[in-house]
Amino acid sequence: LVTEGMCFLAGEISTKCWVDFNKIVRETVKDIGYIHDSGFLYSSIAVFNAIHDQSDQIAKGTKGEDPEDTKAGDQGMMFGYATRETPELMPLPLAIAHALTNETRLVRENDKDDVLGLRPDAKSQVSVEYGPDGRPVRINTVVLSQQHVEGMNLEEVKASVMTRIIRPVLARYEQYMDGEPEFHINPTGKFVIGGPQGDTGVTGRKIIVDTYGGMAPHGGGAFSGKDPTKVDRSAAYMARHIAKNVVAAGLADRCVLQLAYAIGVAEPVAVNVETFGTETVDPERIVGKIRDTYDLTPDGIIDYLGLWNMKYLPTAKNGHFGNSAFPWESTEKADGLK
């Protein structure tokens, strides 16, 4: 949890290693860009650590007699989604929104002399019109709020954001630029107080922008801060992987895969597919092929995606899906499914 001048760590872990939490927090905050004295400075924030041992009852419930026999670490539903709207098979509105926030970071980091006066807090939202066939037609509205230093003229801020961030990104999506979209840049006016100084935050709460931007259901579980025995995280990654391979294989143009688990039980208690009428084969056959192709137990998912060896920090930047560097974004199984 972060708020003005402080970061509070809480959680449970089973480990024999020693972790320098204070150093990790400060380095992370510095890398994000909180290097100016504005209520949240990496070198002066207070770091509180309340991390403790995992409950023995939970640990025993997730580990069987065989150390390789891991049961689900929680109950719940996880959803994966893929659509043929973008090369990365992600929803177009979210792909553009993520491109905008990534561009804000690049522009700020490349502004070595701080001429533009941009600060780390920024958020975007994109509305896209869809046709009767369910395919995107045009970009309707672009919202981008960008934190800046005190004393800057609002019109100058808006001009910089438009020319250096929004226009270069929209140039990549020209086929959807049928007329000018509506733009909302810092619509509330001055945006100087930002980040933890202006808004208390907790890791992992933004589950919709972390996933598919509202284009698919969500079971409600966050991803960040959880090890892969927690199916909130690992099964959501696997569901994305499978949905993406279904679309890449040409079995459907859009696919939602739902997995459901019970704590202490290895096999999923439900596997469901929704293809929105875009399927090229019977969805029941797709479900059968998925069950035949993939081991959907926690151990099977962890081994298949290499989740014990995964470096998770990059997932905190611009969502957990659509980044080709993540193992669950591979489409290597598409030919087998086809």
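Which residues form a nonpolar patch on the surface, with about 330 Å² of accessible area together? Select Leu1, Phe8, Phe48 and Val202 and show their side chains: these four make up the patch. Keep in mind as you go that this is a predicted model.

**Stop 1: the patch and the chain start**

Stay on the patch and pick out Leu1. Leu1 sits in the segment before strand E1 (2–3). Its relative accessibility is 39%, so Leu1 counts as partly exposed, since the exposed class begins over 50%.

**Stop 2: a salt bridge between distant parts of the chain**

Now for the charged side chains. Side chains of opposite charge can pair when their charged atoms come close. With a limit of 4 Å between a side-chain nitrogen and a carboxyl oxygen, the structure has twelve salt bridges.

Select Asp253 and Arg84. Their side chains meet in a salt bridge, with 2.9 Å from N to O. Asp253 is in the loop between helix H6 (231–248) and strand E8 (254–261), while Arg84 is in the loop between strand E4 (76–83) and helix H3 (92–110), so this pair ties together parts that are 169 residues apart in sequence. Colour the two by accessibility and you will find both in the middle class: Asp253 is partly exposed at 28%, and Arg84 is partly exposed at 42%.

**Stop 3: extending the selection to a network**

Add Arg135 and Asp133 to what you have selected. The side chains of Arg135 and Asp133 form a salt bridge of 3.9 Å, N to O. Arg135 and Asp133 are both exposed. With all of these shown together, you have a network of salt bridges that links Arg84, Asp133, Arg135 and Asp253.

**Stop 4: a buried pair**

Next, select Glu329 and Arg240. These two form a salt bridge in which the closest N and O atoms are 2.7 Å apart. Glu329 belongs to the loop between H8 and H9 and Arg240 to helix H6, so the pair ties together parts that are 89 residues apart in sequence.

Is Glu329 buried or exposed? Glu329 has a relative accessible area of 4%, so it is buried. Arg240 is buried too, because its relative accessible area is 0%. For reference, the buried class lies under 20%.

**Stop 5: along the loop between H8 and H9**

Stay in the loop that holds Glu329 and select Thr331, which lies in the loop between H8 and H9 as well. Thr331 has a relative accessibility of 35% and therefore counts as partly exposed. Draw a distance from Thr331 to Val247: the C-alpha atoms are 9.3 Å apart in space, with the two positions 84 residues apart in sequence.

Then move to Trp308, in the loop between helix H8 (298–305) and helix H9 (334–337). Because its relative accessible area is 53%, Trp308 is exposed. A second distance to draw runs from Trp308 to Lys23: they are 23 Å apart, C-alpha to C-alpha, and 285 residues apart in sequence.

**Stop 6: an open pocket**

Switch on a surface and look for the second largest pocket, with a volume of about 290 Å³. To centre the view, select His98, Ala99, Asn318, Phe321 and Gly322, which lie nearest the pocket's centre among its 16 lining residues. Coloured by class, the lining shows seven nonpolar, six polar and three charged residues.

**Stop 7: the enclosed spaces**

Rolling a probe the size of a water molecule over the atoms shows where empty space is left. How many cavities of 30 Å³ or more does a search of the whole structure find? The search finds two.

The largest cavity has a volume of about 90 Å³. Select Met78, Phe79, His218, Gly219 and Phe223, the closest to its centre of the 13 residues that line it. E4 and H6 are the elements that give two or more residues to this lining, and E4 contributes the largest share, three residues. By class, the lining of the largest cavity has seven nonpolar, five polar and one charged residues.

For the last selection, go to the second largest cavity, with a volume of about 30 Å³. Show Gly33, Tyr34, Ile35, His36, Ser38, Arg119, Pro120 and Gln147, which line this cavity. They divide into three nonpolar, four polar and one charged.

Definitions and conventions: Residues are numbered from 1 along each chain as its sequence is written. This is a predicted model: local features need pLDDT of at least 70, side-chain atom pairs count only at pLDDT 80 or more; totals for chains, interfaces and linings use all residues. Side-chain values use heavy atoms; hydrogens and water are left out. Patches are made of residues with over 30% relative accessible area and no salt bridge: like charges are joined within 9 Å, nonpolar side chains (Val, Leu, Ile, Met, Phe, Trp, Tyr) within 5 Å. Accessible areas come from the Shrake-Rupley method with a 1.4 Å probe; for residues, only the protein chains shown count as cover. Helices (H or I, at least four residues) and strands (E, at least two) are DSSP runs, numbered from the N terminus. Buried means under 20% relative accessible area, exposed over 50%, partly exposed in between (1.4 Å probe, protein chains only). On a 1 Å grid over the protein atoms alone, a cavity is a set of points where a 1.4 Å probe fits but cannot get out, and a pocket is an open set with protein on both sides within 12 Å along at least five of seven lines; lining residues have an atom within 4 Å of a point. Grid points are joined across faces, edges and corners, and a volume is the space filled by probe spheres set on the points. Ala, Val, Leu, Ile, Met, Phe, Trp, Tyr, Cys and Pro count as nonpolar, Asp, Glu, Lys and Arg as charged, and the others, Gly among them, as polar.
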